[in-house]
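Reader: Please show me the model first, and then let us go through its strands, helices and cores in turn.

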Amino acid sequence: MVDIAALKKSKNTDFSQLQAKVKEELAPVSYADNRFWKLERDAAGNASATIRFLRSTEPDVPPYVEYLSYGFKGPTGNWYIERCLKTLKLPDPVYELNGRLYKSNNETDKLIAKNQRLVTNYISNILVVNDPKHPEKNGHVYLFKYGNQIHKIITDKIAPTFEDEEPVNVFCYWDGANLKLRMKNGENNRPNYLSSTWENPAPIGTDEYIQTIASAQYNLSDEIAPSKFKTYEELKKRLDYVYNDSSMVTPAAKLGNAEVPFKAPKSAPASATAPAATAPADDDENYEEYFNSLIEKRKQELDN
């Protein structure tokens, strides 16, 4: 038999629990990976912080791992932002498409492939020493994803160009150095890290503190595991979506034995001036304006 007295006594508690459940369900969902740290720009587009790169705590795993990716806007105006399976030494649909484009001996095709270039991404564990925008992150370990500019800053310190410069293992807990990471807002809103500087080498802290930091690090090998990559079929489906639109029927360019569809963007006219999504931060060239006009030009060539 149901205990009515007990139910009546707990009605307020039950309602409080129900309110908490509803509040949790209605809370905004964040898809950000909180394991990763990012520089936050100020109103002018600049940013600065001091970080310390950390060695890997996994046997036979280097202090940074890398993977290849693509990020470009297709002729439909849709974006393709995916990891490349060539990282795992597996076939990749965009890699294959670019190969056919380059082999076509058509300058338009080559420039389209150039817009769809591979980008190398690096991931390391870092200790946030001083983040002025988010001081609550100071003293905590995060993953940090970075590109070629910052990677070159690291490698130049490990293997200096000039003989009078002392090489430093910046990933070492004891003999490494903090990096004053400074980002300026460059041309076309691209970040520029050339003002970053290294502090003098020094231990992170006591061995007891280093033990705490090391225990808080993430496994870098997890970040390049096959599970982090979509299958060839999934990537091909996304590429078809980026290049095709079910509401549009257009011819295909035959390159070798394969068919590569081309269409003009639905939105993004030939005069568009947005920066190319795939251009690395240290690349002064801007291909997107040219790319948008070439898509229409290539479609006209194929119609003839």
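Reader: In which sense do strand β2 and strand β3 pair?

Author: This is a predicted model, in which local features need pLDDT of at least 70, side-chain atom pairs count only at pLDDT 80 or more, and totals for chains, interfaces and linings use all residues. Residues are numbered from 1 along each chain as its sequence is written, and side-chain values use heavy atoms, with hydrogens and water left out. Helices (H or I, at least four residues) and strands (E, at least two) are DSSP runs numbered from the N terminus, and two strands pair if DSSP finds at least two bridges between them. Strand β2 (residues 64–73) and strand β3 (residues 79–83) are joined over 5 bridges, and the sense of their pairing is antiparallel.

Reader: Which residue in the turn of the hairpin formed by β2 and β3 has a positive phi?

Author: Within this pairing, G71 has I81 of β3 as its bridge partner. The hairpin leaves 5 residues between β2 and β3, and the turn residue with a positive phi, of about 95°, is G77.

Reader: Which residue in the loop between β1 and β2 has a positive phi although it is not a glycine?

Author: Most residues other than glycine have a negative phi. The residue in question lies in the loop between β1 and β2, and it counts as exposed because its relative accessible area is 81%, where exposed means over 50%, buried under 20% and partly exposed in between (1.4 Å probe, protein chains only). With a positive phi of about 65°, this residue is D60.

Reader: How do the axes of α3 and α7 lie relative to each other?

Author: Axes are lines fitted to C-alpha atoms, for helices over the stretch in contact, and angles run from 0 to 180 degrees between N-to-C directions. The axes of helix α3 (residues 93–103) and helix α7 (residues 232–243) come within 9 Å and cross at roughly 55°. Angles under 35 degrees count as roughly parallel, over 145 as roughly antiparallel, 65 to 115 as roughly perpendicular and the rest as oblique, so α3 relative to α7 is oblique.

Reader: Which element gives the most residues to the largest nonpolar core?

Author: A nonpolar core is a set of buried Ala, Val, Leu, Ile, Met, Phe, Trp, Tyr and Cys residues joined through side-chain atoms within 4.5 Å. The largest one has 24 residues, of which W37, F53, F144 and L181 touch the most other members. The elements that give two or more residues to this core are β1 (47–53), β4 (119–130), β5 (141–146), α5 (148–158) and β6 (179–185). The greatest contribution, 4 residues, comes from β1.

Reader: Is T50 buried or exposed?

Author: T50 lies in strand β1. Contact means heavy atoms within 4.5 Å, and, leaving aside residues up to four places away in sequence, T50 touches L127, V128, V129, N130, N178, L179, K180 and E199. Because its relative accessibility is 11%, T50 counts as buried.

Reader: What distance separates the C-alpha atoms of N125 and Y142?

Author: N125 has its place in strand β4 and is buried, with a relative accessible area of 1%. Not counting residues up to four places away in sequence, N125 touches Y142, and its other contacts include R52, F53 and L54. Although N125 and Y142 are 17 residues apart along the chain, their C-alpha atoms are separated by 5.8 Å.
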